[in-house]
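I opened the model today to look up a few strands, some side chains and the ring pairs. My notes follow in the order I took them.

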Amino acid sequence: AAILGAALPNRFAMNGLLMDGALTFEGAAGTAFGRIDLAHLGISPSHTLTLSNAAIEDGLTLTRCITGRLNLGTVETDLHIVQTIVDGNGGPAVTASAVDLDVNGSTLIGATGAGEVEAVDTIFDGPLVAERTQAGCLQYSYYAPIGSRTPRRYRCQPDLALTGRPPATEPGILAGLRPLYAADSFGDPDYGRLSDRAAAELLTGASDNGAMGAWGFMKFGWRETNLAIATQEYLPFGLMAGSVYET
């Protein structure tokens, strides 16, 4: 689908759609979008969301979406990603060298390039390259250290795991921290969720001591803890309880 900018600033919104194809926002002389809001939108990772010379005055926001690669080129705008999975499908996740990127509780699979980066509770499963490192911040997030250039970081991985460790142990630590997902096929109910066998540093490394990434809002860790407390108190003698994920 191709969406054309209008002569006057306007708001474009899509909510609750599953798309089997690329999504392109196109601009021309004298046209612009005031704001683009995409929520609960599913785009197969085999396709790309592209801004083609589209001016966006108030930014592009993705909330609880699944998308393929975000190709914003050299468009100058703000990009907000909230509780979203961006899957580069073997390529870059985000290509946006002039964008101010703000990410909250999301999972980006593939390299990410942006102008300025603010992120919290996020998994950057690939190199993260910020053009301006003197501004922005990563908090309670994971990033792939090889090839990355980030702004200042606070309580991020693999920084914490490597602190005080001998250099000879670094390769093994980095390998153990690589995100492991319960499923990596688009359409699978567990797609993009951290596996139960993923590193504990990722499963408990978010700002609320829960899981980093797009599934963090489900609070699985807290739910399991509350369930364990309740079953210990009320479970009849001689019985054992277990938990099964519902997705």
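**Entry 1: strand β10**

I started with strand β10, residues 69–73, where the side chains alternate. Leu-70 and Leu-72 point to one face and are buried. Arg-69, Asn-71 and Gly-73 point to the other face and are not buried. This fits the general rule: in a regular strand, side chains alternate between the two faces of the sheet.

I then looked up the partners of β10. Strand β7 (residues 48–52) runs parallel to β10, and 3 bridges join them. Here Leu-49 stands opposite Leu-70. Strand β13 (residues 94–104) also runs parallel to β10, again with 3 bridges. In that pairing Leu-70 stands opposite Val-94. I note that Leu-70 therefore serves as a reference point on both sides, opposite Leu-49 and opposite Val-94.I strike "therefore" and "reference point" from that last note; the plain entry is that Leu-70 stands opposite Leu-49 and opposite Val-94.

**Entry 2: confidence**

This is a predicted model, and I checked its confidence next. The protein chain averages a pLDDT of 89, and 94% of the residues score at least 70. Where is confidence lowest, and where is it highest? Strand β1, residues 2–4, is lowest at a mean of 61. Strand β14 is highest, at 98. Where pLDDT is low, the predicted coordinates should not be read in detail. I left β1 alone and moved on.

**Entry 3: strand β16 and its partners**

Strand β16 covers residues 123–130. How many of its 8 residues are buried? I noted 6, and the strand is mostly covered.

I listed three pairings for β16.

- Strand β14 (residues 107–109) pairs with β16 in the parallel sense over 3 bridges. Thr-107 stands opposite Ile-123.
- Strand β15 (residues 112–120) pairs with β16 in the parallel sense over 3 bridges. Ala-114 stands opposite Ala-130.
- Strand β18 pairs with β16 in the parallel sense over 4 bridges. Ile-123 stands opposite Tyr-142 in β18.

Ile-123 turned up twice, opposite Thr-107 and opposite Tyr-142.

**Entry 4: Thr-150**

I followed β18 to its end. Thr-150 is in the loop between β18 (142–149) and β19 (152–154). Is Thr-150 buried or exposed? Its relative accessibility is 13%, so it counts as buried; the cut-off is under 20%.

The side chain of Thr-150 makes a polar contact with the side chain of Arg-153, at 2.7 Å. Beyond its neighbours within four places in sequence, I found Thr-150 in contact with Leu-128, Thr-133, Leu-138 and Tyr-143.

**Entry 5: ring pairs**

How many aromatic pairs does the structure hold? It holds 3. I wrote down two of these.

Tyr-140 and Tyr-154 form an edge-to-face pair, with 5.6 Å centre to centre and 85 degrees between the planes. This pair links distant parts of the chain. Tyr-140 is in the loop between β17 (137–139) and β18, while Tyr-154 is in strand β19, 14 residues apart. Tyr-154 counts as partly exposed because its relative accessibility is 43%.

Phe-186 and Tyr-191 have ring centres 6.0 Å apart and planes at 85 degrees, so this pair is edge-to-face. Edge-to-face needs planes over 60 degrees apart. I checked the cover on each ring. Phe-186 has 33% relative accessibility and counts as partly exposed. Tyr-191 has 4% and counts as buried.

I also looked for a charge over a ring. The charged end of Arg-64 sits over the ring of Phe-217, 4.0 Å from its centre.

**Entry 6: Ala-183**

Tyr-191 led me to Ala-183. Leaving aside neighbours within four places in sequence, Ala-183 is in contact with Asp-188, Asp-190, Tyr-191 and Gly-192. Ala-183 is in the loop between α2 (170–177) and α3 (200–203). It counts as buried because its relative accessibility is 11%.

I took one distance here. Ala-183 and Arg-193 are 10 residues apart in sequence and 7.0 Å apart in space, C-alpha to C-alpha.

**Entry 7: Leu-202**

My last stop was helix α3, where Leu-202 is found. Leu-202 is buried, with a relative accessible area of 0%.

Which residues is Leu-202 in contact with, leaving aside its neighbours within four places in sequence? I listed Tyr-142, Gln-157, Leu-177, Pro-179, Leu-194, Gly-210, Ala-211 and Met-212. Tyr-142 was already in my notes, opposite Ile-123.

For a C-alpha to C-alpha distance, I took Leu-202 and Gly-136: 66 residues apart in sequence and 22 Å apart in space.

How values were computed. Residues are numbered from 1 along each chain as its sequence is written. This is a predicted model: local features need pLDDT of at least 70, side-chain atom pairs count only at pLDDT 80 or more; totals for chains, interfaces and linings use all residues. Side-chain values use heavy atoms; hydrogens and water are left out. Helices (H or I, at least four residues) and strands (E, at least two) are DSSP runs, numbered from the N terminus. Buried means under 20% relative accessible area, exposed over 50%, partly exposed in between (1.4 Å probe, protein chains only). A polar contact is a pair of N or O atoms within 3.5 Å; within protein, one must be able to donate a hydrogen and the other to accept it, and residues adjacent in sequence count only if both atoms are side-chain atoms. Contact means heavy atoms within 4.5 Å. Two strands pair if DSSP finds at least two bridges between them. Rings of Phe, Tyr and Trp (its six-membered ring) pair if their centres lie within 6.5 Å; planes under 30 degrees apart count as stacked, over 60 as edge-to-face and the rest as tilted. A charge sits over a ring if NZ of Lys or CZ of Arg is within 6 Å of the ring centre and within 35 degrees of the ring normal. pLDDT is the predictor's confidence in each residue, from 0 to 100.
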